[in-house]
Amino acid sequence: MATTLAALRQRFPFKAPEGVVDHLVIGGGVVGLAVAARLSQCFPEKSTYLVERHQQAGQETSSRNSEVIHAGIYYPADSFKTKLCIRGRELLYSRCEARGIGHQKLGKLVIATSPAQQSYLTNLHAHTHRVGVPTSLMSGAEARELEPDLTEGTVAALWSRETGIVDSHGLMESFEQDIQESEPGELVYGTSVVRIDPWRPESTSPGEGADRGYVVQTLTEGSGKPDVLLARCVINSAGLNAHTIMNHVLPPDQQRELWFAKGSWCSYKGPGVSHVQRLLYPCPEPSLAGLGTHLTLSLDGSIKFGPDVEHLPHCPTLADPWSSHLVPSSSRLPSIISAVQRYLPNVSPEGFSPDQSGIRPKTRDPASGQTRDFEILHDFEGMHGLVNLLGIESPGLTAAMGIAEEVERRVAREVWGAGRGRKVSELGGPGLEGAIHCFEIALATHLFLVYTQSPPLLAQTIPKMEFQLFDRVYYPVGSTSGSATIVYIYKTPRGKIMYTLVTDATGKKINRSGEKLVLQK
């Protein structure tokens with residue numbers, strides 16, 4: 001890896017930036033697209049570019065997966081995988097409904113075929129209760145009543161009603177549409193990042209040093225000359241290549257590595273599955289390296305089995321060492337068939353055929369046996385304004401919008417400060433420097449906004465026809481289970497107005513104030 005970076009830096013020496021962009025998102029998978037779409041929406045006054053090295057979006061992990069909407073049941077309660085999967089699932093179902101994106105909430109059964117696995121499901125059910133995901137335990141007989149094709153050796157099952165499937169390509173296209181239709185957003189395909197340098201004013205022309213950020217060189221296919229931008233904020237969502245992007249700005253002794261696991265899927269046409277109506281999962285591996293070779297129903301009703309787990313040789317000095325492993329191989333069929341027949345004994349080996357393969361990034365050596373969480377790294381070692389997303393594997397598709405929300409929160413708070421505009425106190429006028437709050441009274445015909453101190457300084461009534469809900473942003477509140485701050489952004493004749501509401505897990509209003517009003521011209 002060091003050799004690869006050294007060669008790139010030798011080929012592309014430092015150059016002064018030729019332009020400026022506020023947000024540069026690197027990587028056009030589903031997570032990068034979700035991030036760019038959210039930044040474009042939440043910061044309409046700031047430019048957001050997404051660069052992707054392939055000619056189309058989602059050509060790596062995002063288009064090589066089971067297209068499952070996960071409920072968020074497997075991972076530690078305090079992990080990003082759990083929190084962002086649960087939040088992402090909520091946002092994903094809402095988006096699919098609103099935008100007409102193909103999806104189905106089928107639910108899934110996790111199958112136990114031994115006493116040890118039954119004990120695992122009992123513990124898993126207790127865990128899902130703690131993290132707020134609805135599940136139900138059932139006996140083997142009850143499971144076979146729902147899914148008669150299951151083995152008679154089924155001793156128990158866990159029913160997850162929130163699990164579903166989604167058209168991942170339709171989802172990515174919806175994010176592309178949002179970015180393209182936004183005024184500050186731009187998609188740039190067929191373009192690779194070849195060099196990143198922290199901004200150092202002394203190495204550039206006078207007058208430009210006030211802008212913080214990173215000098216990013218990109219090379220578009222067919223061009224021999226890189227384009228050079230000053231990016232005030234860089235979001236590294238490069239997926240399988242995220243560690244390489246991060247290493248551009250890290251000293252040699254701190255550089256990161258990724259390990260890769262190949263997963264293979266098989267399509268199936270044959271007996272033994274004629275009654276299947278839900279997703280069927282075996283109990284997962286103890287390390288959660290994979291969730292087991294499971295049955296997935298596609299939106300067209302076809303059946304796939306997979307993925308299995310095949311850890312690839314670790315080759316840290318090679319660029320894209322996984323790229324030669326994307327072709328599915330029939331050599332994996334015997335182990336896949338054997339795994340499936342443990343819970344669906346009547347499937348026929350002749351009905352299996354290789355379908356696709358995908359690569360999952362791992363942030364730790366698989367030999368460690370440790371559970372791996374998503375890594376969202378920002379402002380490390382003084383690298384202000386660089387947000388790195390590492391190890392975004394399953395449930396990354398489900399969590400994408402939750403990850404985007406988390407990135408937007410960090411960018412708003414840690415890069416731009418207030419982030420969305422000018423505080424009321426900055427608009428001028430005596431007495432406005434105090435604690436100014438905004439209260440909303442949602443009536444049928446008007447939105448009343450009252451800016452209060454003591455006594456009230458200003459009241460404004462806006463006819464309903466002149467305002468609309470522009471966005472709703474969700475933030476967890478401290479350690480209070482289920483509590484949240486919801487920020488409503490309204491479009492009005494004066495611009496955008498932000499109003500904050502604090503709720504508990506049931507949506508009951510706890511507090512209607514606490515955030516300064518933001519006006520945006």
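**How do α3 and α9 lie to each other, roughly parallel or roughly perpendicular?** In this predicted model, the axes of helix α3 (residues 80-99) and α9 are 6 Å apart, and the two helices pack at an angle of about 105°. An angle of 65 to 115 degrees counts as roughly perpendicular, and α3 and α9 are therefore roughly perpendicular to each other. On the α3 side, look for F80, L84, C85, R87, G88, R89, L91, L92 and R95. Their partners in α9 are L397, T398, A399, M401, G402, I403, E405, E406 and R410. Sorted by class, the contact of α3 with α9 holds nine nonpolar, three polar and six charged residues.

**Here α2 meets α9.** Welcome to a second view of α9, now with α2 as its partner. Helix α2 (residues 30-42) packs against helix α9 (residues 396-415) at an angle of about 40°, and their axes are 8 Å apart. That angle makes α2 oblique to α9. The crossing of these two helices is right-handed. From α2, the residues in contact are V30, V31, A34, V35, R38, L39 and C42. From α9, they are G396, L397, A400, M401, I403, A404, E405, V407, E408 and V411. In this contact of α2 with α9, 13 residues are nonpolar, one is polar and three are charged.

**Here α2 meets α6.** Next, follow α2 to helix α6 (residues 168-181): the two axes come within 9 Å and cross at roughly 30°. Why is this pair called roughly parallel? Angles under 35 degrees count as roughly parallel, so the crossing makes α2 roughly parallel to α6. This crossing is left-handed. You can find the contact at V30, L33, A34, A36, A37 and S40 of α2, together with L171, M172, F175, E176, D178 and I179 of α6. The residues of this contact of α2 with α6 comprise nine nonpolar, one polar and two charged.

**An open sheet of three strands runs in the order β3-β8-β4.** Its strands pair in the antiparallel sense. Which strands are the edge strands? They are β3 (68-69) and β4 (103-104), each pairing on one side only. Between β3 and strand β8 (residues 164-166) there are two bridges, and the pairing is antiparallel. To pick out one bridge, look for V68, whose partner in β8 is I165. In the loop between β2 (48-51) and β3, you will come across E67. E67 is not a glycine, although it has a positive phi of about 55°.

**Two cis peptide bonds precede prolines: G306 to P307 and S394 to P395.** Where is P307? It sits in the loop between β16 (303-306) and β17 (310-311). The cis bond that joins G306 and P307 has an omega of about -5°. For P395, look in the loop between β20 (386-390) and α9. The peptide bond from S394 to P395 is cis as well, with omega near 10°.

**This last view is about confidence: the mean pLDDT of the protein is 81.** A pLDDT of 70 or more is reached by 75% of the residues. Residues 203-210 have a pLDDT below 50, and this stretch has seven contacts in the model beyond near neighbours in sequence. Residues 418-488 also have a pLDDT below 50; beyond near neighbours in sequence, this stretch has 178 contacts in the model. Please keep a friendly caution in mind: where pLDDT is low, the predicted coordinates should not be read in detail.

Terms used. Residues are numbered from 1 along each chain as its sequence is written. This is a predicted model: local features need pLDDT of at least 70, side-chain atom pairs count only at pLDDT 80 or more; totals for chains, interfaces and linings use all residues. Side-chain values use heavy atoms; hydrogens and water are left out. Axes are lines fitted to C-alpha atoms, for helices over the stretch in contact, and angles run from 0 to 180 degrees between N-to-C directions. Helices (H or I, at least four residues) and strands (E, at least two) are DSSP runs, numbered from the N terminus. Angles under 35 degrees count as roughly parallel, over 145 as roughly antiparallel, 65 to 115 as roughly perpendicular and the rest as oblique. A crossing is left-handed if the near helix is turned anticlockwise from the far one by less than a right angle, and right-handed if clockwise. Contact means heavy atoms within 4.5 Å. Ala, Val, Leu, Ile, Met, Phe, Trp, Tyr, Cys and Pro count as nonpolar, Asp, Glu, Lys and Arg as charged, and the others, Gly among them, as polar. pLDDT is the predictor's confidence in each residue, from 0 to 100. Two strands pair if DSSP finds at least two bridges between them.
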